[in-house]
Amino acid sequence: MTTAFWAGTGYRSGALVVDQETGEMGVMHGPAAGGFLIKQVRGERDWIAPMRSLRIATDAKRRALGLSPRAVE
């Protein structure tokens, strides 16, 4: 199985990220016009965020969703 890392981001498809402009957390899905497509973790909303506003979700944010700490590959 191949994991896609989006050029210039260092994040793979499926990474849990936080949009620092909105404070919302979502799943990275890939490039889109003007940024990267992010899908809301719980809910139906998708949005496009510029790379400069994204950061990987902290372990504390992951635990708040009931997820385990992130694994380092």
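# Briefing: a five-stranded sheet and one helix

Asp19 stands opposite Leu54 in strand β5. That pairing belongs to a predicted model of a chain with one helix and five strands. Along the sequence, these elements follow the pattern β-β-β-β-β-α. The five strands form an open sheet with antiparallel pairing, and two salt bridges are present in the structure.

**The chain as a whole**

- The chain has 73 residues, and buried residues make up 30% of them.
- About 4700 Å² of the chain is exposed, with carbon and sulfur atoms supplying 53% of that area.
- Among the contacts in the chain with a separation of 6 or more, 35% are between residues 24 or more positions apart.

**The sheet**

- The order of strands across the open sheet is β4-β3-β2-β1-β5.
- Strands β4 and β5 are the edge strands, and each of them pairs on one side only.
- On average, neighbouring strands of this sheet are turned by 50 degrees against each other, with direction ignored.
- Strands β2 and β3 run antiparallel and are joined by six bridges.
- Within that pairing, Gly30 has Leu37 in β3 as its bridge partner.

**Strand β1 and its two partners**

- Strand β1 covers residues 16-19, and both of its faces are covered.
- On one side of β1, Leu16 and Val18 are buried, and on the other side Val17 and Asp19 are buried as well.
- One partner of β1 is strand β2 (residues 25-32), which runs antiparallel to β1 and is joined to it by three bridges.
- Val17 has Gly26 in β2 as its bridge partner.
- β1 and β2 form a hairpin with five residues between the two strands.
- Gly23 lies in the turn of this hairpin and has a positive phi of about 80 degrees.
- Strand β5 (residues 54-56) is also joined to β1 by three bridges, and these two strands run antiparallel.

**Nonpolar cores**

- The largest nonpolar core has nine residues in all: Tyr11, Ala15, Val17, Met28, Phe36, Ile38, Trp47, Ala49 and Leu54.
- Strands β3 and β4 are the elements that give two or more residues to this core.
- Another core, of five residues, lies apart from the largest one, and its members include Leu16, Met25, Ala57 and Leu65.
- Val17 thus appears in the largest core, while Leu16 appears in the other.

**Salt bridges**

- In one of the two salt bridges, the side chains of Glu24 and Arg45 meet at 2.2 Å, N to O.
- This pair links distant parts of the chain, with Glu24 in the loop between β1 and β2 and Arg45 in the loop between β3 (35-40) and β4 (46-49).
- Glu24 and Arg45 are 21 residues apart.
- Glu24 has a relative accessible area of 24% and therefore counts as partly exposed.
- Arg45 is also partly exposed, because its relative accessible area is 35%.
- The side chains of Asp46 and Lys39 meet in a salt bridge too, at 3.2 Å, N to O.
- Asp46 has a relative accessible area of 36%, so Asp46 is partly exposed.
- Lys39 counts as partly exposed because its relative accessibility is 29%.

**Two residues with opposite exposure**

- Ser53 lies in the loop between β4 and β5.
- Ser53 is buried because its relative accessible area is 2%, and the limit for buried is under 20%.
- Leaving aside residues up to four places away in sequence, Ser53 touches Val18, Asp19, Gln20 and Glu21.
- Two of these contacts, Val18 and Asp19, are themselves buried residues of β1.
- Pro31 has its place in strand β2.
- Pro31 is exposed because its relative accessibility is 52%, and the limit for exposed is over 50%.
- From C-alpha to C-alpha, Pro31 and Met51 are 9.6 Å apart in space, and they are 20 residues apart in sequence.

Note on methods. Residues numbered from 1 in each chain as written. Predicted model: local features only at pLDDT ≥ 70, side-chain atom pairs only at ≥ 80, totals over all residues. Heavy atoms only, no water. Buried < 20%, exposed > 50% of the residue type's maximum accessible area, 1.4 Å probe, protein only. Helix = DSSP H or I, 4+ residues; strand = E, 2+ residues; numbered from the N terminus. Pairing = 2+ DSSP bridges. Salt bridge = Lys/Arg side-chain N within 4 Å of Asp/Glu carboxyl O. Core = buried A, V, L, I, M, F, W, Y, C linked by side-chain atoms within 4.5 Å. Contact = heavy atoms within 4.5 Å. Axes fitted to C-alpha atoms, helices over the stretch in contact; angles between N-to-C directions. Areas by Shrake-Rupley, 256 points an atom, 1.4 Å probe, with all protein chains shown as cover.
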